[in-house]
Each structure stands twice: as structure tokens, then as C-alpha cells.
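Reader: Please take a single part of this model and go through it closely, then place it in the rest of the chain. I would like the cut-off behind each term.

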Amino acid sequence: MSRTSSLPPTRGSTAPVAAPEASRPAARPATGASRAWAPARVRDPRLRIRVPWLRALTWIGALVLIALPLLTVLSTGLSTAGLAALRDPAVPEAAVNSVVVAGASAVVATFVALVLAVVLDRIRVPGGAALRWVLLLPFLVPPFIGAMSWIALFTPNGMVNSAVRAVFPDAPVLDVYGPVGVVLLMAVHTYPTAYLLIGAALARIPRSLEEAARVGGSGPVGTFFHVTLPLLRPALVAALVLGFASNLSDFGIPALLGLPEGYTTLTTLVYRFLASATVVNPLPAASAIGVALLTLAALAVWVQARTAGAAEASAGSAVASGGQSVGAPSAGARVAGVGAAGTRVAGVRAAGTRGAGVGVDGLRLGLAVALWVFALAATVLPLVALTVQSVLPAPGVPLTAETVTLENYSRALANPATIDGAWNSLVLAVGAGIGCTVLGLLVAVLVTRTRSWDNGPLDLLGLLPQALPGLVVAVAWLLVSPFLGIFDTLWSILAAYVMAFTALVVQMVRAPLASASASLEEAARMGGAGPARALLGTTVRMVLPTAVLAGVVVALTAVRELTISILLVAPGTRTLGVTIFNLQQAGDFNSASALAVLVAVLGIAGLALAYGVQSVGVRRFGVRRSESRSIPASSPASTRLPDAVAMSDDRVPLADSRAGSADGVR
């Protein structure tokens with residue numbers, strides 16, 4: 001007989017109705033476990049505090065530096081003059097070429113990245129950590145310097161053609177000019193980004209799903225195609241779209257490898273419009289092409305969102321169900337029905353981690369050799385060829401002890417254009433790092449730590465430039481800078497840098513900000529601190545190492561930037577990237593190679609220094625390393641490099657190392 005409550009009904013209440021035993025919730029555990037039985041209450045870290053002056057300053061900066069230029073380029077591109085410029089026969093041809101090379105290179109890069117992720121992170125070949133470093137070298141080198149490296153590698157007397165002629169004397173000269181070279185080099189500079197995305201997603205897949213499929217009778221190939229690959233679909237689509245959008249707006253590779261063969265893309269067409277008199281009014285035409293680029297990028301992002309949404313839903317259900325919905329039906333039942341299932345699963349794990357004998361070890365060794373050959377051919381040899389060209393007196397001179405000279409370095413460094421370009425690049429890089437850090441940190445703090453109706457629009461405005469091609473940003477500031485009185489000055493380039501790179505800072509700092517507990521801010525408020533001091537003295541102080549790292553990444557990106565700088569360049573505003581590009585275009589290949597080698601070495605050393613600065617900052621401010629380095633999975637690849645290159649064979653991707661609370665403060 002069901003029991004009812006022993007308490008009599010009070011006035012105004014109804015008598016309790018006896019519930020069936022089956023539908024009644026289970027009794028709570030004893031007092032010792034009652035707290036664990038109760039569901040945890042997730043507390044919103046955002047405080048109901050108001051900092052109106054801080055919000056107003058942030059909105060002014062975002063509107064002037066992001067919204068105003070974007071609206072200007074949209075209105076100009078969609079005007080009558082802008083739409084009329086699209087009737088130029090060169091525009092459709094350049095658009096088709098852009099889509100072809102961007103799409104083909106993104107597909108090749110995604111495939112290469114998938115192979116690298118599986119071999120390095122699942123099969124675990126010998127020397128995986130060193131391989132990872134070498135394979136990520138294209139991530140550290142600007143694309144236009146990579147193009148110069150490949151040109152040096154495939155010169156008539158370069159390493160490749162010399163080796164081919166030694167074996168086949170009558171073989172034709174190989175070169176990298178034209179669409180094939182553009183696609184291959186874009187893929188080389190895109191696969192590190194795709195690898196970081198796919199590798200992080202692969203590390204998040206529970207190994208138990210693959211083990212269950214193996215226990216259910218599936219082989220390694222079947223497990224990969226029916227379990228692992230479907231769960232990687234969101235990351236594959238994201239890598240494909242990110243690579244397509246990035247290559248669509250690239251200027252250096254199509255300019256150096258495509259233009260000599262008459263192969264024009266949208267970015268090089270805009271450069272031709274602005275640098276020559278082929279168009280009477282180039283700004284509306286450039287704006288219209290910028291709107292076309294923006295439309296293509298937005299369409300790619302929309303397709304990615306539609307396809308990745310369904311894929312993530314199916315992947316989530318697969319993970320929640322233990323893998324039964326992704327190609328291992330009734331695997332759980334099989335494991336449960338076999339008495340030695342535990343040892344079978346353990347055997348699968350052991351086979352996956354230790355190998356199954358000489359055959360597996362031989363396969364790993366063979367894969368390691370193949371990857372080293374690919375890494376040396378795709379990343380190391382071009383840089384070696386560029387270095388060799390920089391120490392030769394002229395192109396085509398054979399490398400001997402008598403021909404080696406450092407005259408190119410001394411001549412390039414003594415050139416007044418180089419000195420001015422280096423100084424301008426340094427000033428712009430430092431200014432962009434400071435400006436992006438301040439604006440990005442303010443946006444992230446207000447969005448993640450306060451409550452307001454305008455948090456959504458502010459967040460969107462802060463992240464929107466991440467999807468904008470650099471060409472759109474440059475054209476936007478060509479239109480806006482005359483009205484602000486900064487036309488043909490360094491201020492216009494600096495403003496364009498801040499617009500383009502603020503999203504990097506927002507993405508890098510928002511994860512630790514969003515995951516930090518509100519208890520420190522509440523304690524500061526109870527201690528008498530004002531709203532601004534409570535934010536700046538606690539949570540913001542905790543993420544300062546990450547903010548400093550973000551600023552350094554922005555500065556290193558800006559000092560090597562070419563697409564924005566070459567469209568906004570004016571007398572007295574030439575940057576280092578523009579100087580190298582002009583030397584290459586003028587035929588002074590050896591001096592351009594010398595400067596390119598210096599820029600590449602400084603870029604690699606700078607990122608290593610940034611990693612060290614962040615580590616010092618972590619110790620200085622007393623924040624856990626995982627908290628200061630946590631980067632969201634949706635962040636751009638360029639912000640992931642310090643984490644990626646620090647990974648070892650048993651790495652845990654930092655995209656998953658979310659900061660837990662504010663207890664990282666000692």
C-alpha cells in the first residue's frame with residue numbers, strides 16, 4: 001500500500017495525492033551523500049555591474065574602427081559606379097580563377113592535414129614531436145616569402161632543376177609559375193591551420209568509441225571510416241572553409257606566381273586597378289570586388305555553419321550514446337555479453353598504443369620516413385634555397401666557396417628604403433599590438449563579465465573582421481581615411497591593422513574570461529572596490545598573460561603583413577613587406593631574398609619569444625598555465641601556434657583545456 005505524507009494539509013492547500021511507487025523519485029542518499037545527490041547549480045559568472053563610461057569608449061572604438069569602414073565599402077561597392085565596374089570582362093575571369101585556386105588549395109590542404117593528424121596523433125610515429133615542429137614551419141613564414149622560396153627552389157639553376165638535369169639531361173625546366181604553382185603553394189601554407197583544427201578535434205574523440213567498434217568486429221580501416229571520420233566532419237568542414245576564405249583573399253602568392261603568367265585573381269586585379277590607370281575611378285571598382293570577395297567568404301561560412309551544425313549534432317549524439325550510432329551497432333551489448341570483454345577492450349587499447357609486433361613497428365617507421373621526406377621537400381628545402389640565393393652575388397651563379405657573399409645583406413640593410421620600411425613596420429606592429437589588445441580585451445571583458453542588452457551586437461562587431469578578407473579592410477580604409485584626415489599616412493594603415501586583427505585578441509582572451517569564477521569580483525565589490533576596479537583588479541589581471549601573448553601575436557602578424565599594406569602604401573609609409581615585394585618585382589632577387597630570410601628568422605624567433613613571455617607572465621601573475629593558454633576551438637589558426645608547436649606526442653590539445661575557475665590564483 002502506498003504511503004502518503006504524514007503531515008496534515010494546511011489551510012488553503014490540497015491534500016497530497018499518493019503517487020505510485022514506480023513513479024516516485026528515489027529517496028535521497030544519507031546525509032553524507034546528500035550534497036552530491038543534489039544537482040549542481042551552474043552560476044553565471046557575469047555580474048550585474050555597470051561601467052557606462054567603459055562601455056561607451058568601447059562602442060566608440062568599435063564603431064569608428066570597424067563599423068564605419070565596413071558600411072562605407074558596402075555602400076560604395078553597391079553603388080551604381082561600383083556595380084558598373086563589375087561588367088569589366090576581367091572581373092568574372094578573376095573571380096573564377098580565385099574560386100578555383102582557393103577551393104582546390106583548401107581541398108588539398110584539408111586532405112594533407114587529415115593524413116598528418118591521423119599519423120601523428122593516432123598512429124604516433126617515431127619522432128612525432130620534431131615532425132610537428134618542421135611541418136608547422138609554413139605557419140611561421142609569410143605566404144609571399146614562401147612564394148619567393150619556391151621561386152628560388154625552381155629557378156633554372158636551382159636545386160630541383162639541377163637535380164633533374166643531372167638524371168635527365170634533356171628534361172624541360174620545371175617552374176612554379178601559373179595556377180598549378182599557386183594551388184600547391186597555397187595548400188602548403190594552409191595545411192598547418194587545417195592540421196591544428198583537425199588535430200584538436202581528433203584528440204577530443206573518446207578512444208572508447210573506436211575500441212568498441214574494434215571489439216564489435218570492425219577493422220582499423222572500417223573503424224576509421226565509420227567511427228572516426230564522421231566525428232571529424234565538423235572540423236573537416238571548418239578547416240575547408242577557413243582555408244578557402246584565407247586563400248581567397250591572399251595576395252602575395254597569386255602576385256608572385258600568377259601575374260608573371262597572366263593568371264589574375266580578384267586580389268591582384270584590385271592591385272592592378274589601384275596601381276595603374278586602367279580604370280578611371282578605381283575605388284568604386286575596388287569596393288565592388290571587395291563586396292564580391294566578402295559575399296563569397298560569407299557564403300562559405302554559411303555553408304560551413306549549415307553542414308557543421310548537423311554534423312556536430314550527430315557527433316554529439318554518437319558520443320553520448322557510447323558510439324552505437326556511428327558504425328558500431330550493439331557493440332556495448334557484445335562487450336556486456338562476453339565474460340572477458342574487459343580484457344578484450346584492454347587488448348584493443350594495448351594494440352592501439354603499443355603496436356602488434358614487427359609489422360606495425362615497420363609501418364610506423366615507414367610512415368615516419370615518408371613524412372620526413374614530405375616535410376623536408378615542402379618546408380625546409382624552399383627555405384634553404386632562399387637562403388642560398390641570398391648569399392649568391394646574382395641569380396644563376398653556382399654555389400661554391402668562392403661565390404658565397406654577404407654583400408646582399410649589407411646592401412639590403414643599408415638601403416634607405418629598407419631602413420624606412422623596417423622602422424614603419426616596427427611602429428605599426430607595436431601600435432597594432434597595443435591597439436588590438438586594448439580594444440579586444442575591452443570587448444571580451446564587457447561581453448563575458450557584464451550583463452547588458454548590447455553584449456550580442458558588441459560581440460558580433462568585435463568578431464566580424466575575422467571573416468573579412470584583407471583586401472576588403474584595405475579598400476574600406478582607402479575610402480574612410482580621407483574623411484578622417486589620415487589619408488596616405490601611417491595612421492590609416494594602423495587603423496586597418498586594428499580593424500583586421502582585433503578579433504584575434506577577442507578570441508584568445510574570451511575563453512579564460514568566460515570560465516573564471518565571479519567570486520573574486522564579488523569579493524572585491526564587498527571590499528569596497530568600484531565596478532571598474534573590481535573587473536580590472538581581479539579577472540582582467542588573471543588574463544593579462546594571455547592578453548600580452550595576443551598582442552605579441554598581432555604585432556608579429558602585422559610586421560609581416562602585405563595585402564593591407566600594399567594597397568594603402570603611400571610615399572613615406574612603405575613597410576618591410578612592401579619593400580621586399582618591390583625588390584622582388586624590380587628583379588633584385590638576391591637582396592629581396594636576404595631581407596626575406598631575415599624576416600622569416602625574426603618571425604620564428606619572435607613567436608618563440610612570445611611563448612617565453614607568456615610563460616613568464618603566467619608565473620608573474622600566478623595564473624595556471626592552462627587558464628592563461630586556453631583558446632576556444634573556433635579561434636583562428638594563427639592564434640594557436642604557440643600551443644601547437646609546444647605539443648608533445650602525448651599532448652592534450654589546449655582547445656580542450658578550459659579554465660575551470662578562479663582558483664588558479666595562488
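Author: What follows starts from one helix, moves to its surroundings, and ends with the whole chain.

This is a predicted model, in which local features need pLDDT of at least 70 and side-chain atom pairs count only at pLDDT 80 or more, while totals for chains, interfaces and linings use all residues. Residues are numbered from 1 along each chain as its sequence is written, and side-chain values use heavy atoms, with hydrogens and water left out.

The part chosen is helix α28, residues 576–585. Helices here are DSSP runs of H or I with at least four residues, strands are runs of E with at least two, and both are numbered from the N terminus. Eight of the ten residues of α28 are buried, so the rest of the structure largely encloses this helix. Buried stands for under 20% relative accessible area, exposed for over 50%, and partly exposed for what lies in between, with a 1.4 Å probe and protein chains only. The buried set of α28 consists of Leu576, Gly577, Val578, Thr579, Ile580, Phe581, Leu583 and Gln584. Just after α28, Gly587 has a positive phi of about 95°.

Ahead of α28, Thr575 sits in the loop that follows α27 (563–568). Thr575 has a relative accessible area of 2% and is therefore buried. Its contacts (heavy atoms within 4.5 Å) include Gly421, Ser425 and Leu428, and also Tyr497, Glu561 and Ser565, with residues up to four places away in sequence not counted.

Helix α20 spans residues 416–449 and holds Leu426. Leu426 counts as partly exposed because its relative accessibility is 47%. The C-alpha atoms of Leu426 and Leu556 are 9.5 Å apart, although 130 residues separate the two in sequence.

Within α28, Ile580 touches Phe144, Met148, Ala592, Leu595, Ala596 and Val599, leaving aside neighbours within four places in sequence. Phe144 and Met148 are among the buried residues of α7. Helix α7 covers residues 143–153, and ten of its eleven residues are buried.

Ile580 and Trp477 have the most contacts inside the largest nonpolar core, a set of 156 residues. Such a core joins buried Ala, Val, Leu, Ile, Met, Phe, Trp, Tyr and Cys residues through side-chain atoms within 4.5 Å. Helix α23 (residues 490–515) supplies the largest share of this core, 15 residues.

Trp477 also takes part in the contact of α22 with α2, on the α22 side with Val472, Val475, Ala476, Leu479 and Val480. On the α2 side are Val64, Leu65, Leu68, Pro69, Thr72, Val73 and Thr76. By class, this contact has eleven nonpolar, two polar and no charged residues. The axes of α2 (residues 52–77) and α22 (residues 470–484) come within 8 Å and cross at roughly 90°, so the two helices are roughly perpendicular (65 to 115 degrees).

Between α22 and α23 lies a loop that contains Asp488. Asp488 has a phi near 60°, a positive value in a residue other than glycine. Most residues other than glycine have a negative phi. With 39% relative accessibility, Asp488 counts as partly exposed.

For the whole chain, there are 31 helices and zero strands. Of its 666 residues, 50% count as buried. Among contacts with a separation of 6 or more, 78% join residues 24 or more positions apart.

Key. Axes are lines fitted to C-alpha atoms, for helices over the stretch in contact, and angles run from 0 to 180 degrees between N-to-C directions. Angles under 35 degrees count as roughly parallel, over 145 as roughly antiparallel, 65 to 115 as roughly perpendicular and the rest as oblique. Ala, Val, Leu, Ile, Met, Phe, Trp, Tyr, Cys and Pro count as nonpolar, Asp, Glu, Lys and Arg as charged, and the others, Gly among them, as polar.
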